[in-house]
Amino acid sequence: MKDVEFYQLFEPKSSTYTYLLVDKDSREAVIIDSVIDTVERDLKLISELGVSLKYAMETHVHADHITGSGFLRSKLNAKYVVGKAADLDCADILLADGEELQFGSQTIKALSTPGHTDACTSYHLQDRVFTGDALLIRGCGRTDFQQGSPLKLFNSVRNKLFKLPDETLVYPAHDYNGHTHSTIEMEKKHNPRLNLEKSEEEFTEIMNNLNLPHPKQIDKAVPGNKICGLKEASELEPNEAESGVPEISIEQLLQVHLGNVNVIDVRSPREYCGELGHIKESVLVELDDDFKERLKNFDKEKRTVFVCKGGKRSAKATTQALELGFQHPMSLEGGMMRWNELKQPVKK
């Protein structure tokens, strides 16, 4: 590709390909189909390359793994992108067919390719297309769950993807046989399900008789991906600190919508607005003689995370919350010092 650095990464558990595309001049980047199990690898590569991640893009709501895009968004302030038909409240951008996004001087175009799921979207950039599960190398995504439709998929491939130039490189979301890419021409000729000699009726017959096992991760992956890969607050499991006080790490906290959690900063007002700043979603309730009384104004059933400079005062606050009958109080491990070390956004 002209003026673009291209990285193809692989997650073996779900045989998923993740793609990182970097505009050479601006160093802006997009990532396609990140996986939560390998998100630290992706973060490391992004850091090593010195790029700014602008978009974390999904080809569809996956059923075989949980996306890492929500985590990347929280860490790098990228925009979460998925096809419009996904209708995800947690997404930043819902792309319709034909819509384009810019990163640096590059333009990436969304192609609506439903059939595996209604929201399946392929992304076309220069000489290649990222097809998700709509078109695999010598195959395609299954159509027996999650709004699957052989008719829709046949039309998506034949009337959308196969209309691209023959030399267009095909990069799918998965491969199970060691292939890295194909071309539109090769798939037209050799895809056993979708080659140009196959009729719509033949394709439908093939897809309706695959008799595939139920996806192992679907019951966890689909609900997780419907909230952009972020864990629900009710799924948060606190760690047990040496003092016996429940703790939560910053990494764990970043995997939830902070609107689902009470984040209470127990420092002084001067510290709250001082050098370390504070978490934007937090409220200030200073740990003083009236702390317990003011804490009674908060919902005891809701997950509550206490924050201070380094963790000592938040541990004391957690203990007092437990005494008041709070069901899920936690101390933020490392406090605002650790928050700043990880370069998380602050408000002053």
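Q: In this predicted model, where is the place of Asn211, and does Asn211 count as buried or exposed?
A: In this predicted model, Asn211 has its place in the loop between α5 (200–207) and α6 (218–225). Its phi is near 50 degrees, a positive value in a residue other than glycine. The relative accessibility of Asn211 is 73%, and since the class of exposed residues begins over 50%, Asn211 counts as exposed.

Q: Which loop holds Gln126, and what is the relative accessible area of Gln126?
A: Gln126 is placed in the loop between β9 (121–125) and β10 (128–132), and phi of Gln126 is near 50 degrees, a positive value in a residue other than glycine. Residues between the limits of 20% and 50% are called partly exposed, and Gln126 is partly exposed with a relative accessible area of 35%.

Q: How many helices and strands are there in the chain, and what percentage of the residues in the chain is buried?
A: The chain contains 11 helices and 18 strands, and its C-alpha trace spans about 80 × 45 × 30 Å along the principal axes. About 15,900 Å² of the chain is exposed, with carbon and sulfur atoms supplying 47% of that area. Of the 348 residues in the chain, the buried ones make up 53%.

Q: What is the order of the strands in the open sheet of six strands, and which are its edge strands?
A: The open sheet has mixed pairing and the order β1-β2-β3-β4-β5-β6. Its neighbouring strands are turned by 20 degrees against each other on average, when direction is ignored. Two strands of the sheet pair on one side only, and these edge strands are β1 (4–11) and β6 (93–95).

Q: In which sense do strand β5 and β6 pair, and which residue in β6 is the bridge partner of Val81?
A: Strand β5 (residues 79–83) pairs with β6 over three bridges, and the sense of this pairing is parallel. For Val81, the bridge partner in β6 is Ile93.

Q: Which strands does helix α2 touch where it packs on the sheet, and what angle does its direction make with that of β4?
A: Helix α2 (residues 69–76) packs on the sheet and touches β3 (28–32), β4 (52–57) and β5. When the direction of helix α2 is set against that of β4, the angle comes to about 155 degrees.

Q: Is Val30 buried or exposed, and what is the C-alpha to C-alpha distance in space between Val30 and Phe103?
A: Val30 has its place in strand β3 and is buried, with a relative accessible area of 0%. Leaving aside neighbours within four places in sequence, Val30 is in contact with Tyr19, Leu20, Leu21, Leu53, Tyr55, Met57 and Phe103. Although Val30 and Phe103 are 73 residues apart in sequence, their C-alpha to C-alpha distance in space is 7.3 Å.

Q: Why is the pair of Tyr19 and Tyr171 edge-to-face or stacked, and how many residues apart in sequence are the parts that the pair ties together?
A: The ring centres of Tyr19 and Tyr171 are 5.6 Å apart and the ring planes stand at 75 degrees, so the pair is edge-to-face, given that planes over 60 degrees apart count as such. Both Tyr19 and Tyr171 are buried. Because Tyr19 lies in strand β2 (residues 16–23) and Tyr171 in strand β11 (residues 169–172), the parts that the pair ties together are apart in sequence by 152 residues.

Q: Which residues form one aromatic cluster with Tyr19 and Tyr171, and how far from the centre of the ring of Phe6 is the charged end of Arg128?
A: One aromatic cluster is formed by Phe6, Phe10, Tyr17, Tyr19, Phe130 and Tyr171. Over the ring of Phe6 sits the charged end of Arg128, and its distance from the ring centre is 4.8 Å.

Q: Which residues of strand β18 are buried, and which residue in β18 stands opposite Glu247?
A: Strand β18 (residues 329–332) is covered on both faces, with Pro329 and Ser331 buried on one side and Met330 and Leu332 buried on the other. Strand β17 (residues 304–307) runs parallel to β18 and is joined to it by three bridges, and Thr304 stands opposite Pro329. Strand β14 (residues 246–248) also runs parallel to β18, joined by two bridges, and the residue in β18 that stands opposite Glu247 is Ser331.

Key
Residues numbered from 1 in each chain as written. Predicted model: local features only at pLDDT ≥ 70, side-chain atom pairs only at ≥ 80, totals over all residues. Heavy atoms only, no water. Phe/Tyr/Trp six-rings, centres within 6.5 Å; stacked < 30°, edge-to-face > 60°. Helix = DSSP H or I, 4+ residues; strand = E, 2+ residues; numbered from the N terminus. Buried < 20%, exposed > 50% of the residue type's maximum accessible area, 1.4 Å probe, protein only. Lys NZ or Arg CZ within 6 Å of the ring centre and 35° of its normal. Pairing = 2+ DSSP bridges. Axes fitted to C-alpha atoms, helices over the stretch in contact; angles between N-to-C directions. Contact = heavy atoms within 4.5 Å. Areas by Shrake-Rupley, 256 points an atom, 1.4 Å probe, with all protein chains shown as cover.
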